[in-house]
Amino acid sequence: MITEYTTIPTDFATLVDKAKEMTRNSYAPYSNFRVGAAVLMSDGSVATGANQENAAYGDSICAERVALLFATANHPELKPVAIAIAAYSNGKFTEDYISPCGSCRQVISEMENRFDCSIKIIMYGSSKTCIADTIKDLLPLTFGENSLK
Ligand code: THU
């Protein structure tokens, strides 16, 4: 299910704050679009990331993948439970929430399959926040491990 909120549900307020804080660590000299992400893990710990751009634009990496891949590389024993995403541009947090790009959706999908879990995707915007309960809401007809059998 995908739900929009005008105020952030209290359960995820701290995680959203961490994603917002992480926009400060973005390296985005080309787009000036600063994205932060925070991943809540099954033990309550949080892994964070920010987009990291490159002069070879295609080698830039989104905040979501930085956070998720750091999390599972360092803690393969922990399941990701939720990911919060925030973006800062033109001197303020974006009013509209941003949703993960196609590559990040594919990576989140792999994680749901790998850990046999659902990952809530909390997309922050200063005027409204959106929560998807699972990547299946954002990426139907996924290509995954079963497709290779
Ligand atoms: N970006 C993210 O980090 N996450 C998203 O969900 C969308 C886009 C980054 C990629 C690039 O560094 C900048 O935002 C502009 O596209």
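Start with helix α3: at 1.5 Å a residue, its 14 residues should span 20 Å, and the end C-alpha atoms are indeed 20 Å apart, so the two agree. (The expected span is 1.5 Å times one less than the number of residues in the helix.) Helices here are DSSP runs of H or I with at least four residues, strands are runs of E with at least two, and both are numbered from the N terminus. Keep in mind that this is a predicted model, where local features need pLDDT of at least 70 and side-chain atom pairs count only at pLDDT 80 or more, while totals for chains, interfaces and linings use all residues. Residues are numbered from 1 along each chain as its sequence is written, and side-chain values use heavy atoms, with hydrogens and water left out.

**Around α3**

Which residues of α3 are buried? They are C104, R105, V107, I108, S109, M111, E112 and F115. Buried means under 20% relative accessible area, exposed means over 50%, and partly exposed is what lies in between, using a 1.4 Å probe and protein chains only. The cover over those buried residues includes α2 (63-74), β4 (80-89) and β6. Right after α3 comes D116, which has a positive phi, near 50 degrees.

Over in helix α2 you'll find R65. R65 is buried but has no salt bridge, and the nearest side chain of opposite charge, E64, is 6.7 Å away. For charge, Lys and Arg count as positive and Asp and Glu as negative, with His and the chain ends not counted. So who does R65 touch, leaving aside its neighbours within four places in sequence? R65 is in contact with F70, C101, S103, C104 and V107, where contact means heavy atoms within 4.5 Å.

**Salt bridges**

How many salt bridges does the structure hold? It has three, each being a side-chain nitrogen of Lys or Arg within 4 Å of a carboxyl oxygen of Asp or Glu. Here they are, with the N to O distances:

| Positive residue | Negative residue | N to O distance |
|---|---|---|
| K128 | D96 | 3.8 Å |
| K136 | E112 | 3.6 Å |
| K120 | D133 | 3.1 Å |

Take K128 and D96, which meet in a salt bridge. K128 sits in the loop between β6 (120-123) and β7 (129-132) and D96 in the loop between β5 (92-93) and α3 (102-115), so this pair ties together parts that are 32 residues apart in sequence. K128 is partly exposed, at 27% relative accessible area, and D96 is partly exposed too, at 49%.

The salt bridge between K136 and E112 brings us back to α3. This pair links distant parts of the chain, with K136 in the segment after β7 and E112 in helix α3, 24 residues apart. K136 is exposed, with a relative accessible area of 53%, whereas E112 is buried at 3%.

Then there is D133 with K120, whose closest N and O atoms are 3.1 Å apart. D133 lies in the segment after β7 and K120 in strand β6, so the pair ties together parts that are 13 residues apart in sequence. D133 is partly exposed, with a relative accessible area of 26%, and K120 is partly exposed at 29%.

**Aromatic rings**

A pair of aromatic rings is described by the distance of the centres and the angle of the planes. There are three aromatic pairs in the structure. Rings of Phe, Tyr and Trp (its six-membered ring) pair if their centres lie within 6.5 Å; planes under 30 degrees apart count as stacked, over 60 as edge-to-face and the rest as tilted.

Y30 and Y57 make a tilted pair, 5.6 Å centre to centre with 45 degrees between the planes. The pair links distant parts of the chain: Y30 is in the loop between α1 (13-22) and β2 (34-41), and Y57 is in the loop between β3 (46-50) and α2, 27 residues apart. Y30 is partly exposed, with a relative accessible area of 40%, while Y57 is exposed at 61%.

The rings of F93 and Y124 have centres 6.1 Å apart and planes at 85 degrees, so that pair is edge-to-face. F93 lies in strand β5 and Y124 in the loop between β6 and β7, so the pair ties together parts that are 31 residues apart in sequence. F93 is partly exposed, at 23% relative accessible area, and Y124 is buried, at 8%. Ring pairs also link Y88, F93 and Y124 into a cluster.
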